[in-house]
Amino acid sequence: MSDRAGTAAVAARKRAEGSRREQPVIRIEDLIRTYVMGRTLVRALRGVSLLIERGEYVAIMGPSGSGKSTLMNTLGCLDAPTSGRYFLDGVDVRLLDEDDLSDLRNRKIGFVFQGFNLVPKISALTNVELPLIYAGLSRGARRHRAARALQAVGMGARLDHGSNELSGGQQQRVAIARAIVTNPALILADEPTGNLDSHSTADVLKIFEDLNASGRTVVMITHEDEVAGHADRLVRLADGRIVADESLELVEAAAEIGARGPLGSV
Ligand SMILES: Nc1ncnc2c1ncn2[C@@H]1O[C@H](COP(=O)(O)OP(=O)(O)OP(=O)(O)O)[C@@H](O)[C@H]1O
Ligand SMILES: [Mg+2]
């Protein structure tokens, strides 16, 4: 390739990267998910549209059965919508085959579930190593990165414990280490503190806050106002639809101004 052609190719690549960077991490348009149960239809999502920008920390709340987990599974490419479109980092996931989809999921998304979902009996370190096996890393590199992820969540002293030898809060921290070990840009958490006491909840929320501060996008389902209050934005679902979408930063700022007295009240 000539120098000029090479320079043009580099410029084109930079433009492509630039435009990709400006894409929202998540863009969904009129998402519908209907389950067929015998002769009845369950309308879990009835037309959801949502934009989430890079670096946001979003809480999703709503009554049981309102479609939160269905939405989360769609965002995580674990479930395909009945209709509507989903662009993850600008990529229309509908156009990807199963291999590309699992590759995308593995590279870009870290999942945290209410039930931890660790493999029982094997050590914390091996649990955290698992996602790296798909990434094709050598055993030494895997162990090193898994140990670092466990240290990052304060579990450096428990590398060899089986998951059945850990408390709930410790198991959830191992699960978070497993979610972040591939360094994903997007963390999806479905009621990550649902099974935890208040002390472990605080630990887990601090980890999410740090992950968000380091640039990761975090989307978290919760039933607890207190937990949702740690996010910057709150999306409420009811009956398969978004019924509210508000910036918590603005709410906090308004409350602060209001608290300053009559002159500052809004
Ligand atoms: N695999 C499935 N097959 C059939 N119906 C399903 C399936 N998964 C979810 N549903 C139904 O879709 C609706 C939404 O379920 P979803 O799990 O998304 O709710 P949720 O908001 O996460 O509730 P919860 O707070 O109880 O976890 C519910 O009516 C549920 O019964
Ligand atoms: Mg759910």
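Me: How do I read the sheet that holds S1, and in what order do its strands sit?
Reply: Start by following the strands side by side, not along the sequence. In this predicted model, four strands make an open sheet in the order S2-S1-S4-S5, with antiparallel pairing.

Me: Which strands of that sheet stand at the edges?
Reply: Look for strands with a single partner. Here those are S2 and S5 (91-92), so each has one side left without a neighbour in the sheet.

Me: And what does the pairing of S1 with S4 look like?
Reply: Count the bridges, then pick a residue pair to anchor your eye. S1 and S4 (residues 83-88) run antiparallel over five bridges. Ile26 makes a handy anchor, as its bridge partner in S4 is Leu88.

Me: Where do the side chains of a strand point?
Reply: In a regular strand they alternate between the two faces of the sheet.

Me: What is the order of strands in the six-stranded sheet?
Reply: Same approach. That open sheet goes S6-S7-S8-S3-S9-S10, and its pairing is mixed. S6 (109-113) and S10 are the edge strands, each with a single partner, so one side of each lacks a neighbour in the sheet. If you want the twist, neighbouring strands in this sheet are turned against each other by 15 degrees on average, ignoring direction.

Me: Where can I see the mixed pairing around S9?
Reply: Check S9 on both of its sides. With S3 (residues 57-61), S9 pairs in the parallel sense over four bridges, while S9 (residues 233-238) and S10 (residues 241-247) are antiparallel over six bridges. Arg233 is a nice residue to click on: it is the bridge partner of Val58, and its own partner in S10 is Ser247. Further along, Arg236 stands opposite Ala244, and Leu237 is bridged to Ile242.

Me: How many residues lie between S9 and S10?
Reply: For a hairpin, go straight to the turn. This one has two residues between the strands, and Asp239 in the turn has a positive phi of about 55 degrees.

Me: Which helices lie across this sheet?
Reply: Find the strands a helix touches, then compare directions. H6 lies across S6 and S7 (186-190) and runs at about 165 degrees to S6. H7 lies across S3, S7 and S8 (217-221), at about 150 degrees to S8.

Me: Is Leu205 buried or exposed?
Reply: Count the C-beta atoms around it; 20 or more within 10 Å means buried. Leu205, in helix H7 (residues 198-213), has 20 such neighbours, so it counts as buried. Leaving aside residues up to four places away in sequence, Leu205 touches Val227 and His230. His230 is 25 residues away in sequence, yet 7.5 Å away C-alpha to C-alpha.

Me: Which residues have the most contacts inside the largest nonpolar core?
Reply: That core has 60 residues, and the best connected are Ile60, Val128, Leu150, Ile176, Ala177 and Leu188. Helix H6 (residues 168-180) supplies the largest share, six residues. To get a feel for it, display Leu150 and its contacts, which include Val128, Leu159, Val174 and Ala177.

Me: Last one: which elements surround ligand 1?
Reply: List the shell residues, then ask which elements they come from. S1 (26-37), S2 (40-52) and H2 (68-75) each give two or more residues, and H2 gives the most, with three. Among the shell residues are Tyr35, Val42, Gly67, Lys68 and Thr70. By type, the shell splits into four nonpolar, seven polar and one charged.

How values were computed
Residues numbered from 1 in each chain as written. Chains lettered and ligands numbered in written order. Predicted model: local features only at pLDDT ≥ 70, side-chain atom pairs only at ≥ 80, totals over all residues. Near = placed C-beta within 6 Å. Nonpolar A, V, L, I, M, F, W, Y, C, P; charged D, E, K, R; others polar. Pairing = 2+ DSSP bridges. Buried ≥ 20, exposed ≤ 12 C-beta atoms within 10 Å, placed from the backbone. Contact = placed C-beta atoms within 7 Å. Core = buried A, V, L, I, M, F, W, Y, C linked by C-beta atoms within 7 Å. Axes fitted to C-alpha atoms, helices over the stretch in contact; angles between N-to-C directions.
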